[in-house]
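Good morning, colleagues. Please take a moment with the sequence and the model before I begin.

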Amino acid sequence: MTESESEHIKEQFREALERKSHQHSKHGNAPAGDSKIHQSHGPSDHKREFRRKSG
């Protein structure tokens with residue numbers, strides 16, 4: 001491979017990485033009050049009980 005071919009390949013990788021990072025940054029911008037998480041946990045009115053096996 002010549003020097004120009006390797007530089008061309010490196011430039012293609014940089015461009016692809018740039019496109020990838022721009023794609024991910026678009027989806028992360030949510031409006032201030034809107035969240036995908038509406039409830040942090042399920043119903044917390046009961047306590048989980050753990051028992052050891054006997055025998």
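Let me start with a question: is Glu49 buried or exposed? Glu49 is exposed, its relative accessible area being 56%. I should state at once that this is a predicted model.

Glu49 has a partner. Its side chain meets that of Arg51 in a salt bridge, with 2.7 Å from N to O. Arg51 likewise counts as exposed, at 72% relative accessibility. As a general point, side chains of opposite charge can pair when their charged atoms come close.

Now to the overall picture. The protein chain has one helix and zero strands. It comprises 55 residues, of which 0% count as buried; for that label a residue would need under 20% relative accessible area. The chain exposes about 6,400 Å², and carbon and sulfur atoms supply 51% of that area.

How many salt bridges are there in the model? The count comes to two. Beside the pair already described, Arg14 forms a salt bridge with Glu11. Here the closest N and O atoms are 3.2 Å apart. Both residues lie in helix α1, and because they are three residues apart there, about one helical turn separates them. Arg14 is partly exposed, with a relative accessibility of 45%, and Glu11 is also partly exposed, at 35%.

Helix α1 covers residues 3-27 and is also the place of Ile9. Which residues make a nonpolar surface patch with Ile9? They are Met1 and Phe13, and the patch amounts to about 380 Å². Ile9 itself is partly exposed, with a relative accessible area of 33%. Patch residues must have over 30% relative accessible area, so Ile9, at 33%, meets that requirement.

To summarise, the model has one helix and zero strands, two salt bridges, and a nonpolar surface patch made by Met1, Ile9 and Phe13. Thank you for your attention.

Notes: Residues numbered from 1 in each chain as written. Predicted model: local features only at pLDDT ≥ 70, side-chain atom pairs only at ≥ 80, totals over all residues. Heavy atoms only, no water. Patch = residues over 30% accessible without salt bridge, like charges linked within 9 Å, V, L, I, M, F, W, Y side chains within 5 Å. Areas by Shrake-Rupley, 256 points an atom, 1.4 Å probe, with all protein chains shown as cover. Salt bridge = Lys/Arg side-chain N within 4 Å of Asp/Glu carboxyl O. Helix = DSSP H or I, 4+ residues; strand = E, 2+ residues; numbered from the N terminus. Buried < 20%, exposed > 50% of the residue type's maximum accessible area, 1.4 Å probe, protein only.
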